Amino acid sequence: AAASDAATRVGEGLELFDKGKKVAALDKFMEALELGPNNEEKKAALYNAACCYASFEQSEDAVDALREALDCGLRYSTILADADLATLRGTAEFAALKAEVVEGGNADGGSFRRDLKLINEARSPFRPVRGFLYVALGLAAFLSTLFTLPRLGAALSGEEGVTLLGVLQNLGINVAGLTAIFFLWRRDQEGEAKEVDTLTVEETLSRLPVAVGSGGSNERIVQLCDLRSNARPVVLAGSDKSVRAAVAAAGKYKAKLEERGLVLVPFVIGSSTALEEQQRKGFGAKAKKLTERVAPEDRPAARTEAELAEAAAAAAKDGGAGGGADDDFDAKVAAAAARAKLQASRRFRADPPAASLSEWERFVEELQSSTDGVGRGDDCFLVLRLDGRLRASGKGMPDWERLIEDVPKSTELVSKLES
């Protein structure tokens with residue numbers, strides 16, 4: 001009976017949460033935890049309590065609840081995908097939890113680290129075979145070395161029939177073999193660790209939200225993984241000036257970039273801090289205002305086109321009252337052209353929503369620390385394949401001409417195989 005009571009409390013809490021009554025919802029989830037819930041009920045209560053704590057900006061309590069939920073079997077990918085935890089994912093407390101998960105500690109819920117390893121093994125199917133060969137050959141070389149040592153002693157003592165030169169040659173071969181095998185094994189292990197780090201970046205990035213559309217009713221919030229098979233995101237992270245310049249430079253090659261499914265995702269480093277500062281001052285920064293800050297050369301143009309479409313549509317509706325059939329036709333043509341430009345703009349870029357800027361900030365910091373030659377605060381970029389795998393990353397902003405040469409068109413066979 002106690003377990004069913006716990007399930008009832010969780011259900012009541014979810015109803016209250018959906019109605020925006022999060023304090024009352026949290027009370028229900030905590031009551032459920034006191035009623036001896038089974039593992040699934042406990043996991044649900046803890047996870048939803050974490051969502052409540054995240055909405056209250058109580059990061060430590062939220063992460064503690066998530067850590068317990070992971071111990072109950074919660075999948076880490078669920079945490080990455082939930083919009084209710086978007087603000088939490090940009091905090092230092094969540095970064096510590098993620099480190100535990102990636103390192104395979106007690107908070108991995110038995111899933112995320114294992115998933116990464118499975119994906120890694122699928123990409124490198126012969127690594128286990130190489131590992132077996134390293135062990136077998138290393139053991140053979142080690143045993144041969146052990147058998148050689150008594151012969152070395154005999155050669156040094158002058159025993160007849162044992163030449164010192166021959167023994168030293170055998171010993172040198174065995175030691176060299178052991179050294180080479182250890183070097184190859186160590187390099188393979190470092191390669192695996194680097195690939196897992198890359199997979200972690202890819203998986204984290206795939207769950208980050210972006211806003212696609214022209215704003216208003218046309219704007220949708222999706223995760224980057226939703227763009228797989230259709231787009232190759234190009235993340236541009238840096239100072240306001242650098243990102244603006246990169247977006248402006250990309251505009252010169254817009255048609256070619258669109259042919260290759262390359263979608264710009266500009267992010268100004270420090271924009272989450274700017275948002276928090278404005279909110280502390282009571283200005284209540286809007287998502288639209290923050291996204292406009294990224295690259296005003298591009299964003300105002302889209303806004304002007306939207307106004308043009310509305311004005312043209314209005315003119316088309318009122319055409320009979322003014323200039324007649326010609327004006328009506330011209331208005332309709334202008335409206336259609338404006339809508340076409342808007343649609344192209346939506347394919348060309350996607351912006352991090354204001355509510356997730358801190359989450360993006362945290363990701364960029366991790367990207368900077370994991371990319372060779374990139375320091376904290378440096379401009380950096382990242383290009384994904386159609387299947388979500390990392391194509392390229394580096395310091396500064398991408399060379400658009402070179403990128404166009406390297407990336408095939410979306411209609412080519414190579415691209416279809418990539419997706």
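At 70% relative accessibility, E57 counts as exposed, a label kept for residues over 50% relative accessible area, with buried meaning under 20% and partly exposed in between (1.4 Å probe, protein chains only). E57 sits in the loop between α3 (39–55) and α4 (59–71). Its phi is near 65°, a positive value in a residue other than glycine. The model is a predicted one, in which local features need pLDDT of at least 70 and side-chain atom pairs count only at pLDDT 80 or more, while totals for chains, interfaces and linings use all residues. Residues are numbered from 1 along each chain as its sequence is written, and side-chain values use heavy atoms, with hydrogens and water left out. Helices (H or I, at least four residues) and strands (E, at least two) are DSSP runs, numbered from the N terminus.

The two helices on either side of the E57 loop are a good place to go next. α3 and α4 pack with their axes 8 Å apart, at an angle of about 160°; axes here are lines fitted to C-alpha atoms, for helices over the stretch in contact, and angles run from 0 to 180 degrees between N-to-C directions. The two are therefore roughly antiparallel to each other, the word for angles over 145 degrees, whereas under 35 is roughly parallel, 65 to 115 roughly perpendicular and the rest oblique. The crossing of α3 and α4 is left-handed, that is, the near helix is turned anticlockwise from the far one by less than a right angle (clockwise would make it right-handed). Helix α2 (residues 22–33) also packs against α3, at about 150° and with the axes 9 Å apart. That makes α2 roughly antiparallel to α3, and α2 too passes α3 in a left-handed crossing.

What does α4 itself look like, from its first C-alpha to its last? Its 13 residues reach 18 Å, close to the 18 Å expected at 1.5 Å a residue, where the expected span is 1.5 Å times one less than the number of residues. The buried residues of α4 are S59, A62, V63, A65, L66, A69 and L70. They cover an arc of only 160° around the axis, which puts them on the same side of α4; the arc is that of the directions from the helix axis to the C-beta atoms. An α-helix has 3.6 residues a turn, so residues three or four places apart point the same way. On the face of α4 turned away from its buried side are the exposed residues E60 and D71. Just after α4 comes G73, with a positive phi of about 110°. A little further on, I79 in helix α5 (residues 76–81) is buried, with a relative accessible area of 0%. The C-alpha atom of I79 lies 9.7 Å from that of C51, 28 residues apart along the chain.

Another helix pair is formed by α8 (residues 127–156) and α9 (residues 164–206), whose axes come within 8 Å and cross at roughly 155°. α8 and α9 are therefore roughly antiparallel to each other, and their crossing is left-handed. By class, their contact has 17 nonpolar, seven polar and six charged residues, with Ala, Val, Leu, Ile, Met, Phe, Trp, Tyr, Cys and Pro counted as nonpolar, Asp, Glu, Lys and Arg as charged, and the others, Gly among them, as polar. α8 has 30 residues and reaches 42 Å, close to the expected 44 Å. Its buried residues include R127, Y134, G138 and L152. G158, which follows α8, has a positive phi near 85°.

Further along, S229 lies in the loop between β2 (220–223) and β3 (232–238). Its phi is positive, about 75°, although S229 is not a glycine, and at 42% relative accessibility S229 counts as partly exposed. Helix α10 (residues 240–251) has twelve residues that should span 16 Å, and its end C-alpha atoms are 17 Å apart, which agrees. In α10, S242, V243, A246, V247 and A250 are buried. They cover an arc of only 130° around the axis, which puts them on the same side of α10.

Finally, G261 links up with two other spots in the chain. G261 lies in the loop between α11 (254–259) and β4 (262–268) and is buried, with a relative accessible area of 9%. Its C-alpha atom is 10.0 Å from that of V234, 27 residues apart along the chain. The C-alpha atoms of G261 and S410 are separated by 6.0 Å, with their positions 149 residues apart along the chain. S410 is in the loop between α17 (400–406) and α18 (413–418), and at 26% relative accessibility S410 counts as partly exposed.
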